[in-house]
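Hi everyone, thanks for making time this morning. I'd like to walk you through a structure, so let me put it on the screen.

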Amino acid sequence: MARSGFMKTGWISLITAAMITVTGCGSTGDQAVATVTTDQPAQATAAPSEAPPQTETRVVTDGFGEVEIPTNPKRISALYREDYLVALGVTPIVQYYNPMWGKQDYLKLEVPLFDVTGSIEAMLVSEPDLIIGAGEVDVAQYALYSKVAPTFRLPDDVLADSRKTLP
């Protein structure tokens, strides 16, 4: 029971931290963004032609085991979970689309559709920093997505209770 509590807390912390960080990128009022903003002008002055690449990562446990993900992803794909990103003020880089089911029209996203029954190259073109998948992402798809970008599959206990996804 202690482990499931840890996993629940860890998952909530992960998604909250990732989403707050991404949400904060568009807000000058976020303290974490203020820190990043404070450090960048000196770097921008030293090398105005190119910003340094973001390389900070952390290891988390997802539905398939441990995975290393970026701590400050900017370009996120949350396959069929775009509504969670939108609720946090984050616009996903693509929207899940399945020809049999369609997409979540109520989100009114103006981003490219990603046909999950099609080619993985469509995801590659979108250049994600992080891909978040759910129950529909099996081991084979997870392996393909992981070749494109770090991929986090929501654990089954989180999928069973949406209140665990967003605290």
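In which sense do strand S1 and strand S2 pair, and over how many bridges? Before I answer, please keep in mind that this is a predicted model. The pairing of S1, residues 57-62, with S2, residues 65-70, is antiparallel, and six bridges hold the count. If you follow the chain from one strand to the other, you pass two residues, and the two strands form a hairpin. To find your place on the screen, look for Thr61, which has Glu66 of S2 opposite.

Now let's move along to the sheet. Here we have three strands in an open arrangement, in the order S3-S6-S7, and the pairing is parallel. S3 and S7, the latter covering residues 151-153, are the edge strands, each pairing on one side only. From one strand to the next, the twist averages 15°. S3 and S6 run parallel and are joined by three bridges. One handy landmark is Ile76, whose bridge partner in S6 is Leu130. Then there is helix H5, which packs on this sheet and touches S6 and S7. The direction of H5 makes about 150° with that of S7.

Next, the interior. How many residues does the largest nonpolar core have? It has 25, and the ones with the most contacts inside it are Leu79, Phe114, Met123 and Tyr145. Two or more residues each come from S2, S3, S6 and H5. The largest share is that of S6, which gives three residues. So we meet S2 from the hairpin again here, as one of the elements that give two or more residues to the core.

Let me pick out Met123. Setting aside neighbours within four places in sequence, Met123 is in contact with Ser77, Leu79, Val94, Phe114, Pro128, Ile131 and Val148. Two of those names, Leu79 and Phe114, are also on the list of residues with the most contacts inside the core.

Last topic, and one for the charge enthusiasts: the salt bridges. The structure holds three of them. Let me start with Glu136 and Arg81, whose side chains meet with N to O at 3.9 Å. This pair links distant parts of the chain, 55 residues apart. Glu136 sits in the loop between S6 and H5, while Arg81 sits in the loop between S3 and helix H3.

Is Arg81 buried or exposed? Arg81 is buried, because its relative accessible area is 17% and the cut-off for buried is under 20%. Its partner Glu136 is at 30% relative accessibility, so Glu136 counts as partly exposed.

The second bridge is between Asp156 and Arg153, at 3.1 Å from N to O. Here the two ends sit in opposite classes: Arg153 counts as buried at 7% relative accessibility, whereas Asp156 is exposed at 53%.

Finally, there is Asp105 with Lys103, where the closest N and O atoms are 3.6 Å apart. Asp105 is exposed, with a relative accessible area of 52%, and Lys103 is partly exposed at 31%.

That's my tour. Thanks for listening, and I'm happy to go back to any part of the picture.

Definitions and conventions
Residues are numbered from 1 along each chain as its sequence is written. This is a predicted model: local features need pLDDT of at least 70, side-chain atom pairs count only at pLDDT 80 or more; totals for chains, interfaces and linings use all residues. Side-chain values use heavy atoms; hydrogens and water are left out. A salt bridge is a side-chain nitrogen of Lys or Arg within 4 Å of a carboxyl oxygen of Asp or Glu. Helices (H or I, at least four residues) and strands (E, at least two) are DSSP runs, numbered from the N terminus. Buried means under 20% relative accessible area, exposed over 50%, partly exposed in between (1.4 Å probe, protein chains only). Two strands pair if DSSP finds at least two bridges between them. A nonpolar core is a set of buried Ala, Val, Leu, Ile, Met, Phe, Trp, Tyr and Cys residues joined through side-chain atoms within 4.5 Å. Contact means heavy atoms within 4.5 Å. Axes are lines fitted to C-alpha atoms, for helices over the stretch in contact, and angles run from 0 to 180 degrees between N-to-C directions.
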